[in-house]
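The following exercises ask the student to read a protein model step by step. Each task is followed by a worked solution.

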Amino acid sequence: APRHVARQRGQIDPLGADPAVFTELDANLRRGMTDEERRRVDEIEERRRGGEATEEDLLERLRLVWPHYFVKSERASPPPQHIGVRSSIETNRSIAAHYDAETLVFGLPGLALPARFVHGESDPMPLASTERTAALFEDARMEVIPDCGHFPWLEQPEAFRGAVERLVAGDV
């Protein structure tokens with residue numbers, strides 16, 4: 001396979017190359033929800049998959065899952081106030097198509113691109129997905145921030161800055 005050389009550093013969201021991430025992510029986000037909240041999320045997801053969800057539906061779903069992206073509720077920022085319905089639906093379809101084609105599994109190993117990952121220790125996105133994605137790169141480094149969820153720059157801004165500085169400087 002030809003080697004592609006990039007001069008810039010790259011970052012991959014912890015969603016990464018492993019489609020199994022969705023099962024664990026979904027379970028982690030639902031932890032602590034009531035049965036009624038879980039049912040409502042399921043209803044909205046079914047409507048989204050069918051292309052029938054409204055912005056109000058998607059915002060309701062986001063309000064239900066948003067707090068579960070954070071370790072401590074006092075660190076949670078308010079959820080976004082708008083969602084592009086078509087964008088949400090088509091993005092998820094695109095992600096599914098890329099997982100089916102294993103785009104990242106086959107494409108990442110051919111890149112001569114340094115990749116740096118920062119992952120919150122309690123991120124509902126499974127750490128194993130980030131680790132498996134990082135393993136696809138020749139030059140990947142990762143730092144895990146303790147007591148932190150999905151948005152380390154919001155929950156632990158100083159720790160996040162330090163992690164990024166260490167990763168960029170090559171100290172990790």
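**Exercise 1. A pair between two loops**

Is D147 buried, partly exposed or exposed, judged by its relative accessibility?

Solution. The model is a predicted one.

Step 1. The relative accessibility of D147 is 27%.

Step 2. Buried requires a value under 20%, and exposed a value over 50%. D147 therefore counts as partly exposed.

Step 3. The partner of D147 is then sought. D147 forms a salt bridge with R75, with 2.7 Å between the closest N and O atoms. R75 belongs to the loop between helix 3 (55-65) and helix 4 (85-101), and D147 to the loop between strand 4 and helix 7 (152-155), so this pair ties together parts that lie 72 residues apart in sequence.

**Exercise 2. Two further salt bridges**

Determine which parts of the chain are joined by the pair D18 and R132, and how far apart R30 and D26 lie in helix 1.

Solution. Step 1. The general principle is recalled: side chains of opposite charge can pair when their charged atoms come close.

Step 2. In the salt bridge of D18 with R132, the closest N and O atoms are 2.1 Å apart. D18 is located in the loop between strand 1 (4-5) and helix 1 (21-30), whereas R132 is in helix 6; the pair therefore ties together parts that are 114 residues apart in sequence.

Step 3. The surroundings of the two partners are examined. D18 has a relative accessible area of 15% and is buried. R132, at 43% relative accessibility, is partly exposed.

Step 4. R30 and D26 also form a salt bridge, at 2.8 Å from N to O. These two residues are four residues apart in helix 1, so about one helical turn separates R30 from D26. R30 is buried at 13% relative accessibility, while D26 is partly exposed at 31%.

Step 5. The view is widened to the whole structure, in which a search finds 19 salt bridges. A network of salt bridges links R40, E43, R47, D57 and E60.

**Exercise 3. Strand 3 and its neighbour**

Describe how strand 3 is covered, and how strand 3 pairs with strand 4.

Solution. Step 1. Strand 3 comprises residues 115-120, and six of its six residues are buried.

Step 2. The directions of the residues are sorted. A115, F117 and H119 point one way, R116, V118 and G120 point the other way, and all are buried.

Step 3. Strand 3 pairs with strand 4 (residues 140-145) in the parallel sense, over six bridges. The bridge partner of A115 in strand 4 is A140.

Step 4. The connection is traced. From strand 3 the chain passes through helix 6 (residues 127-134) to strand 4, and this β-α-β crossover is right-handed.

**Exercise 4. The protein as a whole**

How many helices and strands are there in the protein, and in what order do the elements run?

Solution. Step 1. The protein has eight helices and four strands. From the N terminus, the order is β-α-α-α-α-α-β-β-α-β-α-α.

Step 2. The radius of gyration is 17 Å, close to the 16 Å given by the globule rule for 172 residues, so the protein is as compact as a globular protein of that length.

Step 3. Along the principal axes, the C-alpha atoms fill a box of roughly 45 × 40 × 25 Å.

Step 4. Of the 172 residues, 35% are buried. The accessible surface is about 10,100 Å², and 52% of this surface belongs to carbon and sulfur atoms.

Conventions: Residues numbered from 1 in each chain as written. Predicted model: local features only at pLDDT ≥ 70, side-chain atom pairs only at ≥ 80, totals over all residues. Heavy atoms only, no water. Buried < 20%, exposed > 50% of the residue type's maximum accessible area, 1.4 Å probe, protein only. Pairing = 2+ DSSP bridges. Right-handed = clockwise from strand over helix to strand, strands pointing away. Salt bridge = Lys/Arg side-chain N within 4 Å of Asp/Glu carboxyl O. Rg over C-alpha atoms; globule rule 2.2 N^0.38 Å. Areas by Shrake-Rupley, 256 points an atom, 1.4 Å probe, with all protein chains shown as cover.
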